[in-house]
Amino acid sequence: MEAIVLAAGEGRRLRPFTHYMPKVMIPVGNKPILEYVIDALKENGIRRIIIVAGYRKESIMGHFGDGIKWDVEIVYAFQEKQIGTGHAFLQAKKFVTDDEMVVLSGDNIIDAKGLAALIENDAPSLLICESKIPSKYGVVELENGSVTSLKEKPTFAESNLISTGIYKFKKDIFDIVENFVENGKNRITDALQVFIKEKKLKGIKLQGTWRDIVYPWDILDVNAEVLYELPLSVAGTIEKNVTIRGNVVIGEDTIIHSGSYIEGPVIIGKGCEIGPNTCIFPSTSIGNNVTIHPFSCIRNSVVMDNSTIGSYSLLSNSVVGKGCEIASRFSAIEGETKVEVENEIHEIKAGSFIGNDCKIGANVIVEAGKIIGGKCTISSNKVVNRDVPDGSMVI
Amino acid sequence: MCGIIGYVGFRNARNIIIEGLKRLEYRGYDSAGIGIIEGNLHIYKNVGEIENLEKSIPQIDGRVGIGHTRWATHGKVSIENAHPHTDCNKKFAIVHNGIIENFKSLKEMLERKGHTFSSETDSEVIVHLIEEKYKGSLEEAVKKAIKELKGSYAIIAISQLEPDKIVGARNESPLVIGVGEKENFIASDIPAFLKYTNRIKYLNDGEICVIKNDGIKIMDLNGKEIEREENLIKWQAEQAEKAGYPHFMLKEIYEQPHSIMETMRGRISEIEPWINLEIDFDGMDEVALVACGTSYYAAMAGKYMIEELAGVPVDIELSSEYRYFGKKRRTVLAITQSGETADTIGALKEAKMYGCKTIVVTNVIGSSATRFADHVLLTRAGPEIGVAATKTFTAQLLTLMLFSLYLGMKNGKLHANEIKNYVAELKRLPSIVEEVLERENEIKEIAKIIHDKNTVFFIGRGINYPIALEGALKLKEISYIHAEGFAAGELKHGPFALLSEETPVIALASKDRVYEKVMGNIGEIKARNSPVIAIAEEGDEDITNFADHVIYYPKLSFPLFSIPIAVILQLLAYHTASLRNCPIDKPRNLAKSVTVE
Amino acid sequence: MKTVMLAAGEGKRMRPLTYTKPKVMLPVANKPILEWNLINAIKAGLNDFIFVIGYKGEIVKNYFGDGSKWNVNIEYVNQEKALGTAHAIEMVEDFVEDFIVLCGDTIFGSNDIKKMKRKYGIGLVKVEDAKEYGVVELKGKKIVKIHEKMEEPISNIINAGIYHFGKEIFEYIKKTEKSPRGEYEITDSINMMASSHEIEGVYIEEWKDVIYPWNLLELNEEILKKMEGEIEGEIEENVTIKGNVVIEKGSIVKNGSYIEGPVIIGKNCRIGPNCYIRPYTSIGDDCHIGNGSEVKNSIIMNGSNVPHLNYVGDSVIGSNCNLGAGTKIANLRLDKKNIKVFTNGKKVDTKRRKLGAIIGDNVQTGINASINVGCMIGNNAFIGPAAIASGEIKPHTRVM
């Protein structure tokens, strides 16, 4: 059996983090989302994986290469324009060698156990799960284990069961999808109606974890969730009087300077410098090559690769993208607030979200829930009390 | 500059050798040939790629054989000149990599003794010499033969008279033994047999080895047996796959954010702040940098860096010149990507003989150079397959930056705050290179402007001068467009005559202290109507008044900006070559590591 | 008849000890696991061996050489990549007819090996919990199928890892496809063969396998229990030796030392003065157990020092380690619960109440360093003065 992983989309609702990388490459627990998918496939004995890449495909290819590090064989198919899952799926056709395949999307976290039930079943089948907000997804109705209806984002949901977008198919699916795509119906779900009519598509209830990351604050939730199972494993240099409590992973060549206090679950990547006297509290992921200067405090946050955070800064419930330079005394205030993303209003409790490659001066305060776009420059002593679009300067 | 391989064991030698030659193709590939012993000696040769050869060879079943992929040094590309070469009676066959300097006199001597030569190569004298010296033992004959040779060589010989063995010998050309079970390998490079074994033994200069399927004997020229320890090679042949990219070169360009991080990892600290290279600091009050090719351009850039950041006087020398004419400074730092470049190793040996402290900057752990030098600075860029150096060049630049910062820190030229600022910028380098890679489409547009031109000039001042040279080298080696790099101030002393509307000029205009001067030079060029493409720092608006097109890179201080500029020039060369449909990973007439002088 | 020893695996679950040595070369009672196996096989009358080596195979080869030290013949086959047991056995096809295969990392009794010699078949053993093993489905004496790692095992009879094959097995090995683990497994070949051939199951009695580093301590204990004492080294005055103690040539036990057997001490060790070595301890060659040190139920490999005022209990210490004065290893949780360790990024319950540390090769600790229960320290790590080490510490780490 093979797997086709759809990883071509940008994930606009996750901007600014998808500004330079596709959604599937957003790190949680220092691993791109896609890597959790690959791990789950591998644990289920699937060794040949076709990744359909598109938006910023280089970042996927650069990370996974030919898959040898993961003990799997990865081949790449390309979708030049992101015009639908069905169209993306067809790009993989010429690489498929087996009769049966699992099709899934690279931007959802699924664990091995969840996938196992689907793999054991006959094709065609669909993995479904319960949701509190079904109308945001494809709503599924089930009868005797067969799917009787599948409606994409209906205004009124008839059931609380939704499609995870994870399928098991036989090769014949390609012809059906091809037909629909030729007629301008570009989603896989369109083609599935054929099976649904004949009551052939089985719905399999999920037995494990499935997490969808849609909005920037989902990164924090999922990050906290994946860090839960962390071991206590240290490498690099840990200076005298560093306190490490709970489960903490520290990567090679990282230096933790004296007086720092780290309370797990926390993961810190390779080649970082932390402290002296820096506090890192639970559910925090710090990427590779990150510097966190003395007396700063970080809790329940994600800091991506190559970023620097100055002295006396506070980061709580926040996400900092790749390559940011934040000077000293930065504060990300946490609180309950309303956020607008792609014309939808959400009520959340969070800190702030800072896109890739931002330069932030000293003494900057960002109010709760504010989103700062990629490549912004914010000069010293500013209070950011509204969202800042990509590439802006706040002076 | 050829690839050679020999096999003795239980498998089909033909297939093993063909496969090995394919892995060696990057060393040169104008012709190739193999020799197999199956009862008699069978020789097959062909010109062009290995595929041509493979098609022309029948399935034969010998278990002992040798192979060669040639990159012509003596004599034209023809079937006669392809290896293996045989003696007059077709009893012996050899493959050879290197240059025999005294082949003319040897050839005359052998012809006088009645040998007839069938090729124009220097290599053929070796096999006739072996025939001449043969008295019942192949290794004795090889030993006697090489005593008469002057020059560099790696030789593998077989004979149908002793069909169970192969004999190898080396002097200043690489030759490695692969240790298997009931089979053994010998080749110029490890990838040739890495699929079958990762256990290797190095052969040193002036040594000869006899390899059978059940044993390996290494001797010096006096016949004294030498014990040699086994080394294990960690990387695997499969690492060299393209993983979705159309060319290795593009893959390697895109690997740079990662390779840059690897080069720095564990060597810098922003908070403390320090640079740590774990080399002792004695004798570093004068430095000679020695290198060839692209590495030489890195060395030229290194001179600017070390003199500016550490205030230490620097000589730069081409390895091939240094060996015979160079001044012996107290510290000699050699740069070689492969660690096998014959000229550079020669220069290292020379420096060691004079008691200099030797440091080598290389990408290959365990290579010859690492065994000769006192200190090794690994560039950690990972294996590079594309013939055009990309990530290894930026890794060399970065390693030299770390070296000059280390020197400046140790000798007190740089104070802590300066080190801190440099380290903070270094830490940003991976993201900055990523940002530059994001501009691939802009660069593609520029490539459209130059891809149909016959000549392109690259100009820069200061550290940008060697980067301009490297940019020109990249363009000419893969796109076959005539490209020249100049120090910006030198253009008016002659090359101006060549400027026209059809000769684009790529100007590297960083905001350093010569920025104004470069602007002046661009103005002069503009006056001759040549299209100017400037590579400039972000936020530089003035430049748009002078240049027709501008590619920006994020603001960085000296000397760090040389890295994003180098990446831009790599992408430019790549896309130009791609528009011209050139064979990017295997440019004609070029080979990856140059092991002849 | 030739005997094939499978000794190519790394034994990832044995990390950090296997970062620097293959699993089969880890010592118990001062001999590598593989040597115990070899000795038992020789006792069973076998003398012509093929070792399939792979991961750090040169260490195996250097130790065993051509086998003349044991008066047997040993040849080597190199398995480049860990492609599974079937692949390993396939590599010896050209050299064998009728042959016995032993998993090098499991110790089999000589009587059982003798039993296996008599006819074709597969060794079976009864265990209490079959979850981690290949469970064998039988019909009478005939093998029906070997099931890999069942969640709910259908029986407690498992595949012991000892086989007697004829040439026909290669036919099935060639047909074997990659398993979900990505390896060619001999059990798949056997299952295929079982459908057309009668394969007999042979019950064996003595069987000891090691999976995790702390299993070495259990195996060590078992072997030391059967050992007889022999003192060849020099014993100074006022040394107390009780029970079965082996002290090999060149070692010196200094005044005031108290050794309670079973204990084995290798060559050229310096023991004491005034140290306390308690039962089930194996100390390799060239070690130093110094003044005021106490060692209990532990394995200390060649060239390591426990020199001054140390406590080492229920621990495995690799080669060439040095503990600073006053370094202590805790071996019991304050709440007396089972000790859990982190290994390869996973938490594993050792089911032991007492476990000290597992320390790789070339580790150094400073004065008064404290090492917590169940700590796994990678090779070449550096634990500074008065530092506290716990959890998994990766190779080359510095904890100051």
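In this predicted model, chain C meets chain A through 16 residues of chain C that are in contact with 14 residues of chain A. On the chain C side of this meeting, strand S32 (346-349), strand S39 (392-393) and strand S40 (398-399) each supply at least two residues. Sorted by class, the side of chain C that touches chain A has 5 nonpolar, 6 polar and 5 charged residues. Strand S40 of chain C also pairs across the boundary between the chains, for 2 bridges join S40(C) to strand S15 (residues 237-238) of chain A, and the two strands run parallel. Within this pairing, Thr237(A) has Arg398(C) as its bridge partner.

As for the predictor's own confidence, the complex is given an ipTM of 0.79 and a pTM of 0.73. For chain C the mean pLDDT is 89, and 100% of its residues reach 70 or more.

**Domains of chains A and C**

Domains have been assigned in both of these chains, and the table places the assignments side by side, together with the separation of the domain centres, taken over C-alpha atoms.

| Chain | Domain 1 | Domain 2 | Separation of centres |
|---|---|---|---|
| Chain A | residues 2-214 | residues 226-394 | 31 Å |
| Chain C | residues 2-211 | residues 219-399 | 31 Å |

In chain A, 10 residues of domain 1 are in contact with 18 residues of domain 2, and the side of domain 1 that touches domain 2 of chain A has 5 nonpolar, 3 polar and 2 charged residues. In chain C, 13 residues of domain 1 are in contact with 24 residues of domain 2, and the side of domain 1 that touches domain 2 of chain C divides into 7 nonpolar, 2 polar and 4 charged residues.

Chain C also holds an open sheet of 5 strands, whose order is S15-S18-S21-S24-S27 and whose pairing is parallel. Its edge strands, each of which pairs on one side only, are strand S15 (234-235) and strand S27 (305-306) of chain C. Strand S15 of chain C pairs with strand S18 (residues 252-253) of chain C in the parallel sense over 2 bridges, and in that pair Glu234(C) stands opposite Ile252(C).

**The nonpolar cores**

In soluble globular proteins, nonpolar side chains tend to be buried together. The largest nonpolar core of this model has 385 residues, and those with the most contacts inside it are Val52(A), Ala334(B), Ala507(B), Ala534(B), Ile568(B), Phe51(C) and Val52(C). The element that gives the most to this core is helix H12 (residues 391-410) of chain B, which contributes 12 residues. When residues up to four places away in sequence are left out of the count, Val52(C) touches several others, among them Val4(C), Leu6(C), Ala8(C), Val77(C), Met91(C) and Val92(C). A second, separate core of 69 residues includes Ala32(B), Val125(B), Ala145(B) and Ile208(B).

**Two enclosed elements of chain B**

Helix H7 (residues 256-264) of chain B has 8 of its 9 residues buried, and it is therefore largely enclosed by the rest of the structure. Its buried residues include Pro257(B), Ile260(B), Met261(B) and Met264(B), as well as Gln256(B) and Glu262(B). They pack against helix H6 (248-254), strand S16 (268-269), H12, helix H13 (416-438) and helix H17 (562-579) of chain B. After H7(B) comes Gly266(B), whose phi is positive, near 75°.

Strand S1 (residues 3-8) of chain B is likewise largely enclosed by the rest of the structure, because 6 of its 6 residues are buried. In a regular strand the side chains alternate between the two faces of the sheet. Both faces of S1(B) are covered, since the buried residues are Gly3(B), Ile5(B) and Tyr7(B) on one side and Ile4(B), Gly6(B) and Val8(B) on the other.

Which strands pair with S1(B) in the antiparallel sense? One of them is strand S4 (residues 64-70) of chain B, which is joined to S1(B) by 6 bridges and runs antiparallel to it; there the bridge partner of Ile4(B) is His68(B). Another is strand S10 (residues 184-187) of chain B, which pairs with S1(B) in the antiparallel sense over 4 bridges, with Gly6(B) standing opposite Ile186(B).

Notes
Residues numbered from 1 in each chain as written. Chains lettered and ligands numbered in written order. Predicted model: local features only at pLDDT ≥ 70, side-chain atom pairs only at ≥ 80, totals over all residues. Contact = placed C-beta atoms within 7 Å. Nonpolar A, V, L, I, M, F, W, Y, C, P; charged D, E, K, R; others polar. Pairing = 2+ DSSP bridges. pLDDT = per-residue confidence, 0-100. Domains from an automatic or database assignment. Core = buried A, V, L, I, M, F, W, Y, C linked by C-beta atoms within 7 Å. Buried ≥ 20, exposed ≤ 12 C-beta atoms within 10 Å, placed from the backbone.
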